[in-house]
Amino acid sequence: MGGNALAPFGARRFSAEEYKRLLREVLIKLDKYEPVGIPFYKNKLSFGDMDLITRKLQDHEYQEILDALDSDVYLRNGEVMSVLYQEMQIDIIPMKQEDVSTSLIYYSYNDLGNLMGKIFHKFGVKYGHRGLTLPVKDGDYGLGEVVLCKDAKRIFEFGGFDYGRYLAGFNDLEEIFVYVISSKYFNADIFRYESLIRIVTGK
């Protein structure tokens, strides 16, 4: 999720073959933390980092992970930790148990979840790692979010997306973009620069 964070410390891009080998190795080393790799499109040729969703971690378990990977090169941003392992940046992303499934779907296939989120935004709701939520505000002040739905099939159907097609996976970025466009609610104007600025700033 932040593939360049450890580049100054020697992190590099890995070929797909290298990545898959390393992924199997890391999943075994970190098995007790219940790591799950985020799905990627089938023809992806190289990887700048390895994103792993884990269960919530206790403070002492961050050091345990460093010990398990035999690494002392890392950066922490809140609960997320990026670790350098054999020149690969591994991003450890702890999630509450109830958010693991929705997180895997939201973060899968590069920017798919983010692009889908632009379409959900037009309905006044937010699509993210917790599923579909309703932002609650007092004027311009954000009070939090109410979870509306965590059922992926229902969320996709609400946004005009074929959930079965998502489950089939994607071969390349073009198929991902075509999938976003396939929503009956897709409107190119949503993705214009001016519209994206309004989404980000809320203005």
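Two rings of Phe, Tyr or Trp (its six-membered ring) count as an aromatic pair if their centres lie within 6.5 Å. With that in mind, a search of the whole structure finds 19 aromatic pairs. The model you are looking at is predicted. Here is a short tour of its ring pairs, its charged contacts and a nonpolar patch on its surface.

**Aromatic pairs**

- A pair of aromatic rings is described by the distance of the centres and the angle of the planes.
- Tyr106 and Tyr107 make an edge-to-face pair, with 5.2 Å from centre to centre and 65° between the planes.
- Tyr106 is buried because its relative accessible area is 16%, under the 20% limit.
- Tyr107 has a relative accessible area of 22%, so this residue counts as partly exposed.
- Tyr106 also pairs edge-to-face with Tyr127, at 5.3 Å between centres and 80° between planes.
- That second pair links distant parts of the chain: Tyr106 belongs to helix α3 (residues 100-107) and Tyr127 to strand β8 (residues 126-128), 21 residues apart.
- Tyr106 and Tyr127 are both buried.

**Charges over rings**

- Look at Tyr62: the charged end of Arg76 sits over its ring, 3.7 Å from the centre.
- Lys122 lies over the face of Phe123, and here the distance to the ring centre is 5.9 Å.

**Salt bridges**

- Side chains of opposite charge can pair when their charged atoms come close.
- Searching the whole structure turns up 12 salt bridges.
- One of them joins Arg12 and Glu18, whose closest N and O atoms are 3.1 Å apart.
- Both partners are partly exposed, with relative accessible areas of 31% for Arg12 and 25% for Glu18.
- Glu64 and Lys32 form another salt bridge, with 3.5 Å between the closest N and O atoms.
- Glu64 is in helix α2 (residues 59-68) and Lys32 in the loop between α1 (16-29) and β2 (36-37), so this pair ties together parts that are 32 residues apart in sequence.
- Glu61 meets Arg55 in a salt bridge of 2.9 Å, N to O, and Glu61 is buried, with a relative accessible area of 7%.
- Arg12, Glu18 and Glu87 are joined into one network by salt bridges that share partners.

**A nonpolar patch on the surface**

- Leu134, Val136, Tyr141, Leu143, Val146 and Leu148 form this patch, and together they have about 550 Å² of accessible area.
- The elements that give two or more residues to the patch are β9 (131-138) and β10 (141-149).
- Strand β10 gives the most, with 4 residues.
- Leu148 is found in β10, and because its relative accessibility is 46%, Leu148 counts as partly exposed.

Definitions and conventions. Residues are numbered from 1 along each chain as its sequence is written. This is a predicted model: local features need pLDDT of at least 70, side-chain atom pairs count only at pLDDT 80 or more; totals for chains, interfaces and linings use all residues. Side-chain values use heavy atoms; hydrogens and water are left out. Patches are made of residues with over 30% relative accessible area and no salt bridge: like charges are joined within 9 Å, nonpolar side chains (Val, Leu, Ile, Met, Phe, Trp, Tyr) within 5 Å. Accessible areas come from the Shrake-Rupley method with a 1.4 Å probe; for residues, only the protein chains shown count as cover. A salt bridge is a side-chain nitrogen of Lys or Arg within 4 Å of a carboxyl oxygen of Asp or Glu. Buried means under 20% relative accessible area, exposed over 50%, partly exposed in between (1.4 Å probe, protein chains only). Rings of Phe, Tyr and Trp (its six-membered ring) pair if their centres lie within 6.5 Å; planes under 30 degrees apart count as stacked, over 60 as edge-to-face and the rest as tilted. A charge sits over a ring if NZ of Lys or CZ of Arg is within 6 Å of the ring centre and within 35 degrees of the ring normal.
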